Amino acid sequence: MANKEVTIEQLFDTIRTMEEEGLLDFHFRVNYSLNKEASDPYHFAELLSNFCSDSQITIRDMISQVLEQSVNYQELEELCLKIKGGSSCLGVCRMADACGALGEAVDERSKEKCVEAVEAIKTEYLRVQDKINNIVRVMSTGEENRLS
């Protein structure tokens with residue numbers, strides 16, 4: 001039981017730190033609470049892992065798009081909406097805000113602003129990536145401890 005308590009404490013310390021840094025908002029805890037009640041306790045960790053892998057792919061596609069000689073703004077907007085929706089729903093608020101800036105740059109059809117906004121999205125993703133991966137590790141460790 002002590003291992004589980006340490007794991008839960010580590011999890012909430014990581015989340016609290018991310019909230020204090022402004023990386024997460026209340027949606028993250030809501031998602032965690034809803035998912036811990038699910039029949040599969042590892043579901044939230046899987047959701048976070050999928051968010052990270054999907055974000056990496058989408059950011060890579062955004063970078064490719066803004067490096068093109070002629071930017072396909074419609075495609076860039078679709079990529080932006082995809083990553084903004086995921087980050088907003090999950091509570092990764094600074095990343096969602098950076099996506100808002102990309103949406104504005106797309107509306108203006110400003111390649112320079114799009115490049116800056118995509119870089120900001122990438123930066124915000126890199127800020128949360130390791131911490132989210134740490135949460136997944138802690139949750140996985142907790143699940144292993146629960147099963148032991």
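# Exercises on a six-helix predicted model

The protein, given here as a predicted model, contains six helices and zero strands. Read from the N terminus, its elements follow the order α-α-α-α-α-α.

## Exercise 1: Confidence and overall packing

Determine what average pLDDT the protein has, and state what share of its 148 residues is buried.

Solution. The pLDDT of the protein averages 88, and 88% of the residues reach a score of at least 70. Over residues 144-148, however, the pLDDT falls below 50, and this stretch has three contacts in the model beyond near neighbours in sequence. Where pLDDT is low, predicted coordinates should not be read in detail. Turning to the packing, buried residues make up 39% of the 148 residues. Among contacts with a separation of 6 or more, 68% come from residues 24 or more positions apart. The exposed area of the protein is about 8,300 Å², of which carbon and sulfur atoms supply 50%.

## Exercise 2: The span of helix H5

Compare the reach of helix H5 with the expected span at 1.5 Å a residue, and identify which of its residues are buried.

Solution. Helix H5 covers residues 93-108, which is 16 residues. From the first C-alpha to the last it reaches 23 Å, close to the expected 22 Å. The buried residues in H5 are Cys93, Met95, Ala96, Ala98, Cys99, Leu102, Ala105 and Val106. Aspartate 97 also has its place in H5, but with a relative accessible area of 56% it is classed as exposed, because the cut-off for that class is over 50%. Just after the helix, arginine 109 adopts a positive phi of about 60°.

## Exercise 3: Salt bridges within one helix and between two

Work out how the pairs arginine 16 with aspartate 13 and arginine 29 with glutamate 19 are placed along the chain.

Solution. Side chains of opposite charge can pair when their charged atoms come close. By the distance rule, the count comes to seven salt bridges. In one of them, the side chains of arginine 16 and aspartate 13 meet at 2.2 Å, N to O. Both residues belong to helix H1 (residues 2-20), and because they are three residues apart, about one helical turn separates them. In general, an α-helix has 3.6 residues a turn, so residues three or four places apart point the same way. Arginine 16 is partly exposed at a relative accessible area of 37%, and aspartate 13 is likewise partly exposed, at 31%.

In the second pair, the closest N and O atoms of arginine 29 and glutamate 19 are 2.7 Å apart. This pair links distant parts of the chain, with arginine 29 in helix H2 and glutamate 19 in helix H1, ten residues apart. Arginine 29 is partly exposed, its relative accessible area being 29%, and glutamate 19 is partly exposed with a value of 25%.

## Exercise 4: A salt-bridge network

Establish whether glutamate 124 is buried or exposed, and name the residues joined with it into one network.

Solution. Glutamate 124 forms a salt bridge with arginine 127, in which the closest N and O atoms are 2.5 Å apart. The two residues lie in helix H6 (residues 111-147), three residues apart, or about one turn of the helix. Glutamate 124 counts as buried because its relative accessibility, 10%, is under the 20% cut-off, while arginine 127 is partly exposed at 40%. Salt bridges that share partners join Arg94, Glu124 and Arg127 into one network. A further distance relates glutamate 124 to aspartate 97: their C-alpha atoms are separated by 9.5 Å, although the residues are 27 positions apart along the chain.

## Exercise 5: Nonpolar side chains

Find which residues make the nonpolar surface patch of about 320 Å², and then describe what isoleucine 63 touches.

Solution. The patch is made by Phe26, Val30 and Leu34. Leucine 34 has its place in helix H2 (residues 26-36), and with a relative accessibility of 60% it counts as exposed. Isoleucine 63, by contrast, is located in helix H3 (residues 43-67) and is partly exposed, with a relative accessible area of 29%. Leaving aside residues up to four places away in sequence, isoleucine 63 touches Val118 and Lys122. Its C-alpha atom is separated by 7.7 Å from that of valine 115, which is 52 residues away along the chain.

Terms used
Residues are numbered from 1 along each chain as its sequence is written. This is a predicted model: local features need pLDDT of at least 70, side-chain atom pairs count only at pLDDT 80 or more; totals for chains, interfaces and linings use all residues. Side-chain values use heavy atoms; hydrogens and water are left out. Helices (H or I, at least four residues) and strands (E, at least two) are DSSP runs, numbered from the N terminus. The expected span of a helix is 1.5 Å times one less than its number of residues. Buried means under 20% relative accessible area, exposed over 50%, partly exposed in between (1.4 Å probe, protein chains only). Contact means heavy atoms within 4.5 Å. Accessible areas come from the Shrake-Rupley method with a 1.4 Å probe; for residues, only the protein chains shown count as cover. Patches are made of residues with over 30% relative accessible area and no salt bridge: like charges are joined within 9 Å, nonpolar side chains (Val, Leu, Ile, Met, Phe, Trp, Tyr) within 5 Å. A salt bridge is a side-chain nitrogen of Lys or Arg within 4 Å of a carboxyl oxygen of Asp or Glu. pLDDT is the predictor's confidence in each residue, from 0 to 100.
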